[in-house]
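Here are some notes to read alongside the coordinates. They cover two pockets and one strand with its neighbours.

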Amino acid sequence: MEAPGAPGVGPTWTSSAKDMIGVAIGHSRLWFTIGYGIINEVYFPRIDLPQIRDLGFIVADDKGFWVEVKRNFDYTITTPGPGIPAVHIVHRHERFELGLRILADPDRDVLLVECKLSGDADLKIYALLAPHLVGRGSADIAEIFCDRDWQTLCASEAPYTLALAAVDAVTQRGAWQRTSAGYVGTSDGWQDFATHGRMTWAYSQAGPGNVALIGELGSRHAVLALGFAGSNESASTLAISSLLHPFDKVWQLYTEAWQHWHQRNIDLRGFPEEFGDEISVSAMVLRAHQDKTYPGAMVASLSIPWGSSRDDIGGYHLVWPRDLVESAGALLTLGAQREARDILRYLIATQLADGHWSQNQWLGGNPYWEGIQLDEAAFPVLLASRLEEKAWLGGIEVCDMVRRALSYVALCGPSTDQDRWEETPGINTCTIAIAISAFVCGTHFLPEQERDAVLLLADDWNARIEEWCTAGNTELSRQYGIGRYYVRAAPLRVVEDASAIHDPVPVRNHDGMFEVAASALISTDPLQLVRYGLRLADDPIMRDTITLIDAMLKAETPRGAGWHRYNDDGYGEHTDGSPFDGTGRGRLWPLLAGERGHYELAAGREAEALRLLRTMKAMSGRCGLIPEQVWDATPIRRANLQPGYPTGSAMPLVWAHGEFVKLAASLQLNRPTDRPQDVWLRYAGKRPQISRAHWTLRMPVANAPRGCPICFLFDRPTLVHWGHDDWKNISDAFTRPDFLGLHVAEIPAERLGKANAVQFALQDATSGEWQDGNRTIRIV
């Protein structure tokens, strides 16, 4: 009988606050997450595709008493050991205790759940399943499927089908007694209990729409199997086959496989002893977020931020080159070289023709958002360099990838269309630190005759960071009694006009156009200059910037100090605790505590770095998962928001776990573990001298040091028609193919003599067209 109430209420996902995540080491292509003591999303056949909203339970006596366990809020959750994602949950009530053990079948695309009910003998278990096939919940078809003497709860939306089967744990015979399909909000099983206090409906089919399934278990000790395939028959076959294994045996095989993985890949001797359990959890999170169809691909988080308020799966189920390399760095720190090599192979396979990577992409490499972020073009070079430094490249040829990536960075930098937070354009200190480091580290993979040219370009950018990215004599300077300081993002125009540091820059996640003067926008990003070895921690400008960061971005919580990304951040819950909906207010990011810990370590304050690592641990969830953000304001109990505790943002954030691993290892090394050795040897934290000035269409610098040649870089043959001091001694410089495949023209220093300025115009040597206008570079 068809359920009434089509198509059901509008679908949403569930909370992003996860207790645990899980995946099998084996053939299974299924991932699961746990929140509020039940199963939330299950992903299949790839890590970017959630297929259910949740699978939960009601305990009831068929006489009017019923409890949905996820709303009871009285449960404990444990695992067989640190970093072993097999989950044991115990829900407690004055009338019962419901134990759940949850894992993925290592050999099948099946989730297994053992249910054991004790207490009042009148009580029974009811399973509630909310499908969200193909990553959405608006067009599923649910039905009670009977075939081959088995009954399963099925749902489908092409090309995927799920089947939920159940057996008595002892007899391994079917355990469903009563079943029903319905539309969410009108005729689903939860509405039945809410209306009647017991299960009364028995609909055989519902859909298409937002549907749900319910089944009464005839056993107080049962095992459920949620299988995924392409039809009711095939999904049911998988689920039932899995149920014909003793659950304890599968539990043993699953946990042993994870234990062996830890033993092979993780050497805890490289980390402070007190964090051994947390390191194991972080290692598991990093490993669990890798896909099995596309080895090396990792999504940002197995969660949907503020999912209970929307049906969109959001951007965290995508591959972000930045997050991917940050994660690879943590895997290398752990010793998981195979996984790190797979990441590099994946990055090489998905590099675009011009040398950069998509802002983010689906696992197969199809772009999702179209933004361009310069750090994401440079980061893979650092990964290749670090693997090479450890002699772990394993035969991967990286020279072509490195050459194309550095060519892109050279032509398109130092400004980025988006910073690492996907938002503000301009010259960003974190981005430029990564780009310069990539130039230096990437020279190992270039022909010897090209290396000096690339290093001179790196020196030029490094020497100009303060010229481009600092402000002084501002209201902030006077308010806090400081001198110059680094800003979050300097407008690109600053390379031509220093006063542009006061130009407005856009800040996203606000209503309408929201702009802030660049000189008034402060972020934690400049810390990366110290972390990567470009500046010393006690550099006067850096110290003054730290003063601003702590005055404007730092907040104390009962679980430790945290930092906001930047002032006027709008990415987070609203002040009243309501979910982020395109606008809001940014909260504290635990990973920023880790980044600050690296700065403190570089400054010689090891005890402070250790305290911040403990803060990251304290801000994690029940089982050690680290969230993207934690709450930083007055408690709002109705929204479950407490200072220092996870918000509705992504949880876990893989990048945060990578940061935890790296800071722990850095404490053992007494230096940032991911500081590139070549960068430190070249700069040792000090600003270099410019030996050759560079000009590109993207970087039209207004000045060059006296005594330096001026090098022009283009992507095509170009004529530089030039003179000096109001067009005296006019000459032509033709580009030639040179380093990184660029077209290069140079004005030698001796040709400039005592000139005070160079004037020039540009002509496309192929088409003969002249660029608009004459240009000037001052000699200073």
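Which residues lie nearest the centre of the second largest pocket, and how many residues line this pocket?

1. The model is predicted. In the second largest pocket, Y316, W320, W369, E422 and Y571 lie nearest the centre, and the lining comes to 29 residues. The space in this pocket is about 600 Å³.

2. Sorted by class, the lining of the second largest pocket holds 15 nonpolar, 10 charged and 4 polar residues.

3. The largest pocket has a volume of about 1,000 Å³. Its lining is made up of 36 residues, and those closest to the centre are S15, A17, Y36, A639 and N640. By class, the lining of the largest pocket has 14 polar, 12 nonpolar and 10 charged residues.

4. Turning to the strands, is β9 largely enclosed or largely open? Strand β9 covers residues 110-119, and 7 of its 10 residues are buried, so the strand is largely enclosed by the rest of the structure. Buried here means under 20% relative accessible area.

5. One partner of β9 is strand β8, residues 96-104; the two run antiparallel and are joined by 9 bridges. The connection from β8 to β9 is a hairpin of 5 residues. Within this pairing, L103 stands opposite L112 of β9.

6. Strand β17, residues 221-229, also pairs with β9 in the antiparallel sense, over 7 bridges. Here L112 stands opposite A225 of β17. L112 can therefore be used to find both pairings in the viewer: look for L103 opposite L112, and for A225 in β17 opposite L112.

How values were computed. Residues are numbered from 1 along each chain as its sequence is written. This is a predicted model: local features need pLDDT of at least 70, side-chain atom pairs count only at pLDDT 80 or more; totals for chains, interfaces and linings use all residues. Side-chain values use heavy atoms; hydrogens and water are left out. Buried means under 20% relative accessible area, exposed over 50%, partly exposed in between (1.4 Å probe, protein chains only). Helices (H or I, at least four residues) and strands (E, at least two) are DSSP runs, numbered from the N terminus. Two strands pair if DSSP finds at least two bridges between them. On a 1 Å grid over the protein atoms alone, a cavity is a set of points where a 1.4 Å probe fits but cannot get out, and a pocket is an open set with protein on both sides within 12 Å along at least five of seven lines; lining residues have an atom within 4 Å of a point. Grid points are joined across faces, edges and corners, and a volume is the space filled by probe spheres set on the points. Ala, Val, Leu, Ile, Met, Phe, Trp, Tyr, Cys and Pro count as nonpolar, Asp, Glu, Lys and Arg as charged, and the others, Gly among them, as polar.
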